[in-house]
Amino acid sequence: MKYVSLNDPNFKVDFKEAVLMGQAPGKGLFFPETIPELSIEFLENLKQYSKAALAFEVLNPFTEGCIESEALKKILEETLDFDFPLVPVNESVFSLELFHGPTGAFKDVGARFLSRCLQYFSKENSRKFTILVATSGDTGGAVADAFFGLENVEVVILFPKGRVSELQRMQLTTYGKNINALEVAGTFDDCQAMVKQALADDNLNSKFQFTSANSINVARWISQQVYYFLALQQWPYEKAPVISVPSGNLGNLAAGMLANNAGLKVEAFVAACNDNKAIVDYLESGVYRERETIATISNAMDVGNPSNFKRILQSLSKNKIKNLKGYSFNSDETRNAIEKVFRNDGYTMDPHGAVAYLGLKRFLEENPGNAGLFLETAHPAKFENIVEPIVHGSLELPERFSHYKDKKSVAGRIPPNFAALQQFLLSEN
Ligand SMILES: *Cc1c(COP(=O)(O)O)cnc(C)c1O
């Protein structure tokens, strides 16, 4: 399998190179040259596969030639070492809980897969890797946890000052060792622009073997397909589900669409957004315009110019995607949904899942006779400041991430420009 740059159809590399490069020259996104077709036999017998065996069937075509079968199986067993339950909220709405990993966010999956791929590749490559990552909240924590303590990998995480939750901040800043946190006095888009510029900078590239851990990295991106299949494995109805994805940088949605193009049965996708709705506007008007980032209570989706947009376009150009709808909801609507679902159904949603819930409800109202699932991308207790006052109760923080609370938080502070990042990197090494 080759990966081709969406900026230049002549630029093709294999999986390993795509992972190590992060992005193609000129900030191009990698996309599979041909999308594998999963066999009917596999698609109709999902229930017979263990998580790792299912993931192997889905991902092996994407890594073939770069990771040996046995090694890939082991990587997948480690990556998927937690539960992905599909929980009924009511008869037509299900929640795919993606928050049972070590940092309570769906990004654990992609980050763990990427870290283990890099570990595998570093055996063949004696140079040290530097992972540069911009986070709007959850990516950084997942990456910090997945990479902490790995040999030959240094991690630098940029996060926007004042725009991540307290727990997220602790998850970013308390690991230490090979994990460096940088608090940027700007927005997530600033952080992302700084990372992209560094990855494309000749001088820095002569000194560092960079790679990116953002959802643009193909290892993160393609591995997110797996839980869509795990959802289908648990889906109780004959008719395929509508799947609503709480969307920011659009990596998660683009992975679902990739899975759909490979054969996953889906009735329709919903791109559920908060006030940052570049994709919703595009689907309505056919015109893409990047926006200023607007701060909301679902902060991991506060992205004005989503970096996976071109992958969405590319996926749409394949004819298998039947339906993609976009809706946006503001913070008040999101709060009301959390309250209502808690009161009526006894289910507690986090603000990101709640946006996806709203998108699913809207689609089901407009298209009766369907049922669907929304991706619950974060544990509600990660957003206790928002959720607790709404449900008038206290949320229990799972043991696996309460330990951050007593640790020492360390972060560098820099202004939102490339020169500051450059200076930090050069002074560290
Ligand atoms: C990152 C994140 C999202 C957005 O996912 P994208 O792949 O960037 O669209 C949604 N919810 C949570 C909790 C997240 O951390």
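A polar contact is a pair of N or O atoms within 3.5 Å; within protein, one atom must be able to donate a hydrogen and the other to accept it. This definition serves the opening stop of the tour, which is made in a predicted model.

**Asn276 and its surroundings**

Select Asn276, in the loop that runs between strand 11 (268-273) and helix 13 (278-285). Display its side chain together with that of Asp302: a polar contact of 3.3 Å joins the two. Next, show the backbone nitrogen of Ile294, which lies 2.7 Å from a polar atom of the Asn276 side chain. Is Asn276 buried or exposed? Its relative accessibility is 6%, and because buried means under 20%, Asn276 counts as buried. To see what surrounds this residue, add Glu292, Thr293, Ile294, Thr296, Met301, Asp302, Val303 and Gly304, with which Asn276 is in contact when its neighbours within four places in sequence are left aside.

**The ligand**

Centre the view on the ligand and select the residues around it, 15 in number. Lys107, Asp138, Gly248, Asn249 and Thr377 come nearest. Backbone atoms deserve attention here. A polar backbone atom of Gly248 is 2.8 Å from an oxygen atom of the ligand, and a polar backbone atom of Asn249 is likewise 2.8 Å from a ligand oxygen. For Asn252, the distance from a polar backbone atom to an oxygen atom of the ligand is 2.9 Å. How much of the ligand's accessible area does the protein cover? On its own the ligand has 380 Å² of accessible area, and the protein covers 98% of it. With the ligand hidden, look at the space it takes: this is the largest cavity.

**Two mostly buried helices**

Move to helix 11, residues 226-234, where 8 of the 9 residues are buried. Colour Val226, Tyr227, Tyr228, Phe229, Leu230, Ala231, Leu232 and Gln233 to mark the buried ones.

Then select helix 7 (166-173). This helix is largely enclosed by the rest of the structure, because 7 of its 8 residues are buried. Those residues are Leu167, Gln168, Arg169, Met170, Gln171, Leu172 and Thr173. Which elements do they pack against? Display helix 6 (138-147), strand 7 (153-160), strand 8, helix 18 (399-402) and strand 14 (412-414) to see these partners.

**Two lysines with positive phi**

From helix 7, follow the chain into the loop that leads to strand 8 (179-184), and select Lys177 there. Its phi is near 50 degrees, a positive value in a residue other than glycine. Lys177 has a relative accessible area of 69% and is therefore exposed, the cut-off being over 50%.

Lys27 is another stop of this kind. Select it in the loop between helix 1 (15-21) and strand 3 (30-32). Although Lys27 is not a glycine, it has a positive phi of about 60 degrees. Its relative accessible area is 44%, which makes Lys27 partly exposed.

**Lys325 in strand 12**

Finish at Lys325, in strand 12 (residues 324-328). At 33% relative accessibility, Lys325 counts as partly exposed. Display the C-alpha atoms of Lys325 and Ala272: they are separated by 8.4 Å, while the two residues are 53 residues apart along the chain. Finally, add Phe269, Val270, Ala271, Leu283, Phe363 and Glu366, which Lys325 touches when residues up to four places away in sequence are not counted.

How values were computed: Residues are numbered from 1 along each chain as its sequence is written. This is a predicted model: local features need pLDDT of at least 70, side-chain atom pairs count only at pLDDT 80 or more; totals for chains, interfaces and linings use all residues. Side-chain values use heavy atoms; hydrogens and water are left out. Helices (H or I, at least four residues) and strands (E, at least two) are DSSP runs, numbered from the N terminus. Buried means under 20% relative accessible area, exposed over 50%, partly exposed in between (1.4 Å probe, protein chains only). Contact means heavy atoms within 4.5 Å. A residue is near a molecule or strand if one of its heavy atoms lies within 4 Å of it. Accessible areas come from the Shrake-Rupley method with a 1.4 Å probe; for residues, only the protein chains shown count as cover. On a 1 Å grid over the protein atoms alone, a cavity is a set of points where a 1.4 Å probe fits but cannot get out, and a pocket is an open set with protein on both sides within 12 Å along at least five of seven lines; lining residues have an atom within 4 Å of a point. A molecule sits in a cavity or pocket if more than half of its atoms lie within 2 Å of its grid points.
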